[in-house]
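Good morning, everyone. I would like to take a few minutes to go through one model with you, beginning with an overall description and then moving to some local details.

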Amino acid sequence: MRVALFITCLADQFFAEAGVAAVRLLRALGVEVDFPEGQTCCGQPAFNAGHWEEARPLAKRHLEIFREADYVVLPSGSCASMVQNHYPELLPGHPEALDLAERTYEFSAFLVRVLGVEKLGEGLRGKKIAYHHGCHALRELGVREEPLLLLREAGAELVPWEAAEECCGFGGLFSVKLPEVSLAMADRKIATLPQAEVLTSTDAGCLLHLAGRLAKKGVNLKVAPLATLLWEAYAG
Amino acid sequence: MRAKAKLYPKEAARLLREKPGVREAVTGATLHFERNRLRAYAEVPIAEWRERAKALKDHVLSHLDHYLELAEKRLRENGVQVHWAETPEDAHRLLRAVVERHGVKRAVKAKSMLTEELGVNPLLASLGVEVFETDLGEYLIQLLGEPPSHIVGPAIHLSLKEIQKLFHERFGTPLDASPEALAQVARKVLREAFLSAELGISGANFLVAETGTLALMENEGNIRLSTSLPKVHVAFVGIEKLLPRFQDLALFLPLTARAATGQRLSTFVSLIQGPAREGEEGPEEVHVVLVDHGRTALLADPEAWETLRCLRCGACLNACPVYRQTGGHPYGYVYSGPIGAVLDPGLLSLEEAYPLPYASTLCGACLEACPVKIPIPKLLLTWRHRAVAEGLSPAWEKAALAAYRRVMESPTLYRLFSKALRGLPLPQDLLPLLRAWTEGRGPLKPSPKPFHQLWREMEEPHGR
Ligand code: SF4
């Protein structure tokens, strides 16, 4: 099985160690991992903002770059949804878009659905974790149970969070087009946060936004991408 | 109502800054509604209900001319006077004629979003008619001279304190009067109005074509009084409100109630079959005004017509984390929240409503809530795409996204950008965006090395 890692531009720049963790974990599970170096961004920010003409060439590039892989795995629900749900619409008449959509998986969904993994190890024993459901993973991809299962099986204590399934207010360009509303939404997430050691999610965008807001408000809480924690679960 | 949708970004920011209480009130109330909805949905095979409701609405909308003709015929058979209004002016003309013919001095009005669209209250005021909104929430905002902030809960943005203050100033009630005491005062004023008004005005939740029946849902009993006590009743009905058969109400009444407030059925349902007959009590004259106001054009739009399935239940507003921060006022038009963001561009024009499709993070909570499965996120994307195609997006956005595309199209440029993020000066285009980001969130902290570099180091341990 040849899996190509799509790191996504945000994780590449801001959560690079999550990529290392993902590669290590996949390899430990016996998967051959490749990193096509021509990759950049899937085009989501432009597409979501309505600039389809700017997004289309990026989507076409993406199809080219990941043509060979059996599976494309990425640590981001919203980029996965971009490829799985929106490429076919953005690139009508491209059967490869449908094909790639079928081969693309958000990281935790790939582990559970394709590899059939449930338990990675017990490296998160007793760790109090708050999980933020990224909206696209949750509602567009239906990835709800997979990350929770993997964390729980690794011994983590998932703290109940009233607003766990509410949008954090990032929304790509939304966060700069409507900054005040975006921040008010982050504040609601933060105000309802229970006691936890780590805040995690599958989406780098949400984490970047929440981590920034937490720091600005002087709240001391570690923020780590899901892939990082899952490697910790395995390696202890 | 005059649209001020263009001001949305400024007004949203201003409201958050100047009236933090609104955010608190709206969040509290919508979360309450939302929990009720979830509970009420869970009691029934909701997936099947929603699918059936969607299919039925799609059927009516795709045979609208047939059902409108049928409805008109049945309404006339029931003794109702039927009128067609393509524009607000048409509606005004009809209403003016009624007012003049009956020498109307006072009107009572049941809550109706369509009459907000048509500007019925200002018209009546200009004709010297005294109008009373009779829904309690609607009455409050009428006293304040504000438009509704929510489709179902028009005064959702007000705190008890504000209402106490308002009543204190208007009616001399104590500043700490209980909600019950305040309701008593309003009831007294409104009862007097019900008994003396010559005209009752309402909207309609549904109009059944097969039987010519108007269906109206409510919890206070004011709609029933507004439509039955005055001798003349005028109902404004959007042409998308049709249902084919009487039995369809058995699905739509409970579905709407569950979606809107989490009730199994609203406390009152009025089914109106025309004016009072011999020996009956009720209005002598009933008028139904079938209103287009942009709906036919929207129906003809192959990418946006689905918005017309909307039942105006407000569930998408309650579910929307963006709406919760500000309530409805900053949206600047009758319909706010997720449905407003996709309906207003269709009813007004995209140019006039431009910022509204951007008032969303595309989180999808609205679609999950909507009883008739209107694909709001998809419609938001459609309107955004059109806005860009029509050149409505601001210059900075165009420049930023063009620059973004250039960078992302070339791995070489992307790597340069990656270096820049870690120390080199960043391109000018990006700076305003970065500032908008970092103001609320502190400086961006990239990883010491990007992953594409770590990958090389992993694969070639001795580096290059
Ligand atoms: S769009 Fe759907 S959820 Fe929103 S008001 Fe209309 S019917 Fe209700």
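I will start with conventions, then turn to chain B as a whole, then to a helix pair, two loop residues and a helix of chain A.

This is a predicted model, in which local features need pLDDT of at least 70 and side-chain atom pairs count only at pLDDT 80 or more, while totals for chains, interfaces and linings use all residues. Residues are numbered from 1 along each chain as its sequence is written, chains are lettered from A and ligands numbered from 1 in the order in which they are written, and side-chain values use heavy atoms, with hydrogens and water left out.

Chain B contains 23 helices and 10 strands, where helices (H or I, at least four residues) and strands (E, at least two) are DSSP runs numbered from the N terminus. Its C-alpha trace spans about 100 × 55 × 45 Å along the principal axes. Of the 464 residues in chain B, 58% are buried, meaning under 20% relative accessible area with a 1.4 Å probe and protein chains only.

Now to the helix pair. In chain B, the axes of α8 (residues 136-144) and α9 (residues 160-171) come within 11 Å and cross at roughly 65 degrees; these axes are lines fitted to C-alpha atoms over the stretch in contact, with angles running from 0 to 180 degrees between N-to-C directions. The contact (heavy atoms within 4.5 Å) is made from the α8(B) side by Tyr139(B), Leu140(B), Leu143(B) and Leu144(B), and from the α9(B) side by residues including Ile163(B), Leu166(B) and Phe167(B).

Which residues of chain B, other than glycine, have a positive phi? One is His293(B), with a phi of about 45 degrees, which lies in the loop between β10 (285-291) and α13 (295-299) of chain B and counts as buried at 16% relative accessibility. Another is Arg312(B), with phi near 60 degrees, placed in the loop between α13 and α14 (315-319) of chain B and likewise buried, at a relative accessible area of 11%.

Finally, chain A. Helix α7 (residues 107-114) of chain A is largely enclosed by the rest of the structure, because 6 of its 8 residues are buried, among them Phe107(A), Phe110(A) and Leu111(A). The elements covering these buried residues include β1 (2-5), α2 (16-28) and α13 (226-235) of chain A. Just after α7(A) comes Gly116(A), with a positive phi of about 70 degrees.

Technical notes: Buried < 20%, exposed > 50% of the residue type's maximum accessible area, 1.4 Å probe, protein only.
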